[in-house]
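User: Hi! I am new to reading protein models and would like to learn how the labels are earned. Could you take me through this one step by step?

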Amino acid sequence: MKKAIILSLMLGSALVALPAVEANAATTTVAPQVITVRQRPVRYRRGRTRIVTSTRITRVGAYRYRETIRTTYFANGRTRTQVISRVRIGRGYRNY
């Protein structure tokens, strides 16, 4: 019984003394901490507008057209599509 009481008193005093020692050690250090920040890698063509020219076949009524379109992709995520030329291919017959 005596051993158990002595052991519990020793452990209790050790737990009370340890945080006080750590707090004193933290307040006595005055050296500034150096924080290194990694920079992001440079991406190729980031932030520039990109222009892509492509063709598509569309149907208007009974006629088919080949359209050449220019799509502009902006840096903020917007896109703009312009029809550059439209050439009639012929009549596309509908299947009814």
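Analyst: Happy to! Let's start with a definition: rings of Phe, Tyr and Trp (its six-membered ring) pair if their centres lie within 6.5 Å. This is a predicted model, and it holds zero aromatic pairs.

User: What makes R78 count as a charge over the ring of F74?

Analyst: The test asks for CZ of Arg within 6 Å of the ring centre and within 35 degrees of the ring normal. R78 is 4.8 Å from the ring centre of F74 and lies over its face. The label therefore fits.

User: How many strands form the sheet, and in what order?

Analyst: Three strands make an open sheet, ordered β1-β2-β3, with antiparallel pairing. β1 and β3 each have a single partner strand, so they stand at the edges, and one side of each has no neighbour in the sheet. On average, neighbouring strands are turned by 20 degrees against each other, direction ignored.

User: How do you know that β1 and β2 are paired?

Analyst: Pairing needs at least two bridges. Strand β1 (residues 50-60) and strand β2 (residues 63-73) are joined by eleven bridges and run antiparallel, so they count as a pair. In β2, T71 is the bridge partner of V52, and Y65 stands opposite T58.

User: What sits between the two strands of that hairpin?

Analyst: There are two residues between β1 and β2, and in this hairpin G61 takes a positive phi near 65 degrees.

User: Why is the contact between R56 and E67 called a salt bridge?

Analyst: The cut-off is 4 Å from a side-chain nitrogen of Lys or Arg to a carboxyl oxygen of Asp or Glu. For R56 and E67 the N to O distance is 2.9 Å, so the pair qualifies. R56 belongs to strand β1 and E67 to strand β2, so this bridge ties together parts eleven residues apart in sequence. As background, side chains of opposite charge can pair when their charged atoms come close.

User: Which other residue does E67 meet in a salt bridge?

Analyst: E67 also meets R86, with 2.9 Å from N to O. That pair links distant parts of the chain, E67 in strand β2 and R86 in strand β3, 19 residues apart. Through shared partners, salt bridges join R56, E67 and R86 into one network. The structure holds two salt bridges.

User: Is E67 buried or exposed, and how do you know?

Analyst: Buried means under 20% relative accessible area. E67 has 4%, so it is buried.

User: What about R56 and R86?

Analyst: Partly exposed covers the range between 20% and 50%. R56 has a relative accessible area of 36%, so it is partly exposed. R86 has 49%, so it is partly exposed as well.

User: Where is R91, and what makes it partly exposed?

Analyst: R91 lies in strand β3 (residues 79-91). Its relative accessibility is 46%, so it counts as partly exposed. Leaving aside residues up to four places away in sequence, R91 touches A62 and Y63. The C-alpha atoms of R91 and R64 are separated by 5.9 Å, although these residues are 27 apart along the chain.

Definitions and conventions. Residues are numbered from 1 along each chain as its sequence is written. This is a predicted model: local features need pLDDT of at least 70, side-chain atom pairs count only at pLDDT 80 or more; totals for chains, interfaces and linings use all residues. Side-chain values use heavy atoms; hydrogens and water are left out. Helices (H or I, at least four residues) and strands (E, at least two) are DSSP runs, numbered from the N terminus. Buried means under 20% relative accessible area, exposed over 50%, partly exposed in between (1.4 Å probe, protein chains only). Contact means heavy atoms within 4.5 Å. Rings of Phe, Tyr and Trp (its six-membered ring) pair if their centres lie within 6.5 Å; planes under 30 degrees apart count as stacked, over 60 as edge-to-face and the rest as tilted. Axes are lines fitted to C-alpha atoms, for helices over the stretch in contact, and angles run from 0 to 180 degrees between N-to-C directions.
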